[in-house]
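Subject: Structure handover

Hello,

Here is the structure for you to look through. My notes on what turned up follow it. Please keep it open while you read.

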Amino acid sequence: MSLHAEPTSSAASMVTPFLPTLISQPGPPRILPTVLQTSQYLASFFPQRARDVPWLYHEPRNARYSPATAPVARVLCSITPTAGVYTAMHAARTPPPLVFLHRPFTLDRKRVPRGANVLSSHVGFDEVLTTGWNEALAQRLDLYTGEDAVCIQGYKGDPDRRIGLVAAFRTPANLGAVSDRIKREFGQWDAVYGADIESETDMAQPVTVVAIMNAFHPEEVQRVAEAAFSKGWISDVNDGNSIVYLTGQAREPGLLAAQEKKMKVFCVGHRSCEEWGIRFIASELRREFPLVDVCEVYEDEEPREPRKPKPDLKRNVPSSSANLPEQKRRQESNIVTI
């Protein structure tokens, strides 16, 4: 008998009756992740920093509540707590949503639904999901990452804080291709310095290095140039003509230092950097937990109400007669002098 022979009629009769039964059987149960599982997954993206906000920024106050068993059906991701965030919180009643905020400082806890959790990362988020040591962004820009990249580390008294990634391209690129990739990731930029994006000549210039930086001062510009020079990506530490410095906000001292080294500077805006991080988190959550509804809220932060002046306690304390001027004390004591 050939190994490729057709099955006999008797074999077919044995198999066919069972096919409808197999097809009609229900699939595996749809299991939602727990608060603990989702929280641990999100926390894996961020480094722990002593000066950061508490990761568990808001937790339910219920003796029966357990993050190990509480299910998550919806996750809200936003930069700040805005009106749209509170609306989205209350739109998901059962189970309560899990919320991630980058800057939670204005959170009104009274407006958070009962049973909802709010997670937050401020310093860690800025470090790895904006313009800084952002390996995910570097990969999308076609840069080398890991040990093939240079980490710019140490900032504002924190020697462990990573503020930048300097790397070369995997494949040769010109300024036009780099600008297209940056625009694809951020949608826009506030300004470009050192080149005219409307000039075909400028856009044809070769680019060998990109520095993704979360700070923009003369010191950081010098550190970027030294990193590129140490790797052999540029031949002169004072000639950064083939370097693109990608950051959020333009700083005049840093801009002047970059121009002196002939670097091309792309400033995409602080808000755009934060929105990139929120979009990345949301996409990763959808990939990891396909049964969870992931909602992104992009709104300008609500203006803060001006703080009421603190009461002057001295004015509320009855003044003793010893502290009153002589003339006023006499009047209050009904003393008449002639």
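Start with helix 7, residues 175–186, in this predicted model. How far apart should its ends be? Helix 7 has twelve residues, and at 1.5 Å a residue they should span 16 Å. The C-alpha atoms at its two ends are 16 Å apart, so the expected span and the model agree.

Look at both ends of helix 7 next. At its start, a side-chain oxygen of N174 comes to within 3.2 Å of the backbone nitrogen of G176. Just after the helix sits G187, with a positive phi of about 85°. Which residues of helix 7 are buried? They are L175, G176, V178, S179, R181, I182, E185 and F186. Note that R181 and E185 are on that list.

Two more positive phi values are worth finding. Most residues other than glycine have a negative phi. D142 is not a glycine, yet its phi is near 70°. You will find D142 in the loop between helix 6 and strand 5 (150–155). K262 is not a glycine either, and its phi is positive at about 65°. K262 sits in the loop between helix 10 (252–260) and strand 10 (264–267).

Now the strands. Go to strand 8, residues 206–213. Is it enclosed or open? Six of its eight residues are buried, so the rest of the structure largely encloses it. Strand 8 pairs with strand 6 (residues 158–174) in the antiparallel sense, over seven bridges. In that pairing, A173 stands opposite V207 of strand 8. Strand 8 also pairs with strand 9 (residues 243–247), this time in the parallel sense and over four bridges. Here I212 stands opposite L246 of strand 9. The chain gets from strand 8 to strand 9 by way of helix 9 (residues 218–230), and this β-α-β crossover is right-handed.

Next, N134. It lies in the loop between helix 5 (123–129) and helix 6 (135–140). How accessible is N134? Its relative accessible area is 0%, so N134 counts as buried. Its side chain has polar partners in the backbone. It reaches the backbone oxygen of T130 at 2.9 Å. A polar atom of the N134 side chain also lies 3.3 Å from the backbone nitrogen of A136. Leaving aside neighbours within four places in sequence, N134 is in contact with E127, V128, L129, L165, I212 and W276. You met I212 above, opposite L246 in strand 9.

Two of the residues just named deserve a closer look. E127 lies in helix 5. E127 is buried too, with a relative accessible area of 0%. Not counting residues up to four places away in sequence, E127 touches P47, R49, G132, W133, N134, D160, R161, R162 and N214.

A136 lies in helix 6. Its relative accessible area is 18%; buried means under 20%, so A136 counts as buried. With residues up to four places away in sequence left out, A136 touches W276 and F280. The C-alpha atoms of A136 and G277 are separated by 9.9 Å, although the two residues are 141 residues apart along the chain.

That leads to the aromatic rings. How many aromatic pairs does the structure hold? There are twelve. W276 and F280 form one of them, and this pair is stacked: 5.5 Å centre to centre, with 5° between the planes. Both residues lie in helix 11 (residues 270–288). They are four residues apart, about one turn of the helix. Both are buried. Ring pairs also link W276 and F280 into a cluster with Y41, F45, F46, W55, F100, F125 and F289.

Last, the overall picture. The chain has 13 helices and eleven strands. It runs to 338 residues, and 44% of them count as buried. Take the contacts in the chain with a separation of 6 or more: 69% of them come from residues 24 or more positions apart.

Best wishes

Terms used:
Residues numbered from 1 in each chain as written. Predicted model: local features only at pLDDT ≥ 70, side-chain atom pairs only at ≥ 80, totals over all residues. Heavy atoms only, no water. Buried < 20%, exposed > 50% of the residue type's maximum accessible area, 1.4 Å probe, protein only. Pairing = 2+ DSSP bridges. Right-handed = clockwise from strand over helix to strand, strands pointing away. Expected span 1.5 Å × (residues − 1). Polar contact = N/O pair within 3.5 Å; in protein donor to acceptor, adjacent residues only side chain to side chain. Contact = heavy atoms within 4.5 Å. Phe/Tyr/Trp six-rings, centres within 6.5 Å; stacked < 30°, edge-to-face > 60°.
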